[in-house]
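Colleague: Pick one part of this model and take me through it closely. Keep it brisk, and spell out your cut-offs as you go.

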Amino acid sequence: MDYKFTINLPKTTFLMKANLSKMELNLISFWNNINLYNNQCNSRLFLLNDGPPYANGNIHIGHAFNKILKDFICKFKILSGYKINFIPGWDCHGLPIELNVEKKYSSKLNLNKFRQLCKHYALSQIKLQMISFKRLGILCDWQNHYKTLDKSFETSIIKSFFKILETGYLYIGYRPNYWCFKCTSSLAEAEIEYYNKESYSIYLFFPINNILKYNLSTIGFLIWTTTPWTIPFNEAIAINKKFNYLLISVNNTGYIISSNLYKTVLKKIGIIKYTIIDQLNESFFKNIKIYHPFYKKNITLVFSNHVRNDSGTGCVHIAPSYGYDDYKLALKYNLKIKNTINNKGFFYNTITMFANLYYLNINIIVINLLIKNKTLIFKEFIIHRYPHCWRHKTELIFRTTKQWFFNINFNLIKKKMMYFSDNIIKWIPDNGITKMNAMLSDRFDWCISRQRYWGIPIILFLDCNDKLHPNTKNILNQSINFIKKYGTDFWYNCDVFNLFNINKNKYRKVSDVLDVWFDSSVVYRYMYDYYNHKIPHDLCLEGNDQYRGWFQVSLINSVSNFSITPYKTILSHGFILDNKGRKMSKSLNNIILPSDIINKYGADILRLWASSVNYSHDITISNEILLRICDAYRKIRNTFRFLLSNLYDFNKIDILNYNNFSSFDLWILKRLNYLKNEILNNYYNFNFHLIYKKIYNFCVEDLGAKYLDIVKDTLYTYNYHSNNRKNIQVVFFYILYNLLKLISPILSFTSEEAWEKLNIKESLSIFKSTFNLDVIIFKTFNTFPILLFFYWLKLFFIKDIINKNIELNRKKYIIGTSLDINIFIFCNIFWFSLLNKFKTHLTKTFQVSSVNLILCNTYLPIFSKYKIKGLFFIINKSSYNKCERCWNKFLKNYNINICLKCLHNMYYI
Ligand SMILES: [Zn+2]
Ligand SMILES: [Zn+2]
């Protein structure tokens, strides 16, 4: 007889091989068909404020990672009983889009046409990015996504701009600001990156009037600079009143240097022989005249605390148009502030000696002038950190232009922001607070104007003294109505002088646009204006570069508009690097695109990877890492499959008819309950990598190596209707039902696929269920005695040792499986009473043919290799017959080839 047909073989349509790339597409249409996002059934709100990616180019792995993390949290919230508000958005204005349009249409375009093309370009990019984001399985409001170019969004921007203008935060400043010659625009601090750069490093001499009493041929200040090109525009020398200054004689020339720095400086410029002539006091500095090193002009001496005593000479050259500290001193001492360089880096043709030259090209001219005037003391090249444009990676300078600034010290706004940062906002990881506070305390006024075209126009009229039109309030109020209807294009399309009744001869229209960071700083407010989402929102989650970017500008906007924080919690994540810790770049050929991973493995693999990493640091990804993730995925999937395949005949009546669980069933249910608490706790604290690890370990160790392995025999060989089998099915169902929910925020596709195959469930989609609706019967196992838990641990410990011993002796005994083995356990009273409690479980637990317990009070030898005190066992090969049905050994004393247990289960139940 072929007993195969009498065995309860597992059955399921949940395949071993996932074929995710196809299955996932089906599930995306399923979610669309049931309109999952819009049909959320909970009412308690969770508001996620989605930071907008820039509408340019394909999404990279960082974009995907960011949206996936957001999805983890939102789905966790849904299953915890919340209704989520997750409206994705895009940043649509700004230079990169302009540059792309310029590249495509080389001929000169008129402004309206140009803006139109920029808009089309941005929309086309959004379309592409949205397809990629949707493919990740993100549950959000794709239909109502926001764009910073939408009329409704533009309205919020102008409203917000109006509010801060009205309150008094904005001013026009003629002052130095970071300038990129490639952008031909001023930059915000958030757009600056520091890289190494090779520069001239020169020491030069600013002579003063000779003072006879010292009997020196000449006296002067020694100063150090890395920007020789600024020397022609020097207006002053700054020293610090707190420092001591010395007059040092070298070859009959007197150098004025700070007493803290003179040794280092003289050593650097190669001077060994020198004499300190005098310590200089205030009256010395009061009575001197300083001369420019090559121009015939007098230089002012100024005092400033910004002069430092850790580098340079303690005497600082001041060029008011080319440095922020220099500019502040110029205001204080009434020095000349005049920009001499055009927006592309060339000197204006009115600048004598340097007309039309590129600013860096005059370095050598200046040096030659210094040499000629015998005022160059030392010259070398150095490598130092220098600000660069984050888009172009080109060197920046401070350039003095007329710009609109947000006054970061007005109305105690800095203090208010610090207050929210310190007391209200929750930072994850918790060093976020330090980063934010450092950024806030160091920050300058925010330059919000750009000399570009593709952006939100600054809707203002100014007179020749830069005074606002007296009717500005009305103009802005009216504009808001126009923008609602026509968008900000009206500012360019209409005759706005006529529209607002402005005298063209007295007033001019501001042609600048707003910094794009201003646009995105308004997202929180747009959500309030348009959707009435209450401020603050629950969460913002972005890369950790946003402490200087979006997190900060949103806070500035919200505190200046409403005196409130825009968010309750900030979660920031690191950047994604290759396995050698390098940034991904074309030149390194190490780019891994989300689409590559999805096409090859499926989005769930990408999602599982995203859950496996600790996002609080930079994160690595590589093909090897992905292969490991695939392997882990297979183990989790096969666990689901095994559970499902033994539930094909399971139904509600089975739950109702369940009998008492065995102590082994109770053990795994207790473990599961423990796991569930841990997982929910880790979701709550956003520790996704721990969730991944714990679920994986549960599948592999608790289920794979213990529970499933041991109960297999009962499931397959006990009678189909037997209580033993039915009880295990109840346990299986409960495990699967919980595991699927617990992992569904991460493995959204796979868990939905498996959920569909469950015979009993409360909702069509797993994302319409909750963590809390447990099936009623399972409350009983909460009474599971903790001691029993401990006993099972001991039992597994012994099993492990037995297995290792069998492995060692496999050859000696010619053993096939462990089922061929008899085991004799000699033990002291402790082990005996423990094992005796589990007498009926031992054969199954150890998966051997028989277990014989022998209480032994005499001396017990200790295993040399695996020591357990008070316990000793020997194994031998069973001489019994193998049951043809269940493969267990049995004593054959009748004429059939199957064991009594099988006989009983086949015929007598
Ligand atoms: Zn640039
Ligand atoms: Zn059998």
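Modeller: Helix α28 (residues 839-846) lies across strands β28 and β29, where contact means heavy atoms within 4.5 Å. Its direction is about 130° to β29 (axes are lines fitted to C-alpha atoms, for helices over the stretch in contact; angles run from 0 to 180 degrees between N-to-C directions). Helices (H or I, at least four residues) and strands (E, at least two) are DSSP runs, numbered from the N terminus.

This is a predicted model: local features need pLDDT of at least 70, side-chain atom pairs count only at pLDDT 80 or more, and totals for chains, interfaces and linings use all residues. Residues are numbered from 1 along each chain as its sequence is written, chains are lettered from A and ligands numbered from 1 in the order written, and side-chain values use heavy atoms, without hydrogens and water.

Now add helix α27, residues 829-837. This helix lies across β28, β29 and β30. Its angle to β29 is about 140°.

What do these strands form? They make an open sheet of 3 strands, ordered β29-β28-β30. Pairing in the sheet is mixed; two strands pair if DSSP finds at least two bridges between them. The edges are β29 (850-855) and β30 (871-877). Each edge strand pairs on one side only. From one strand to the next, the twist averages 20°.

Look next at β28, residues 821-827. Strand β28 runs parallel to β29, and 6 bridges join the two. Here Ile 823 faces a residue of β29: Val 851 stands opposite.
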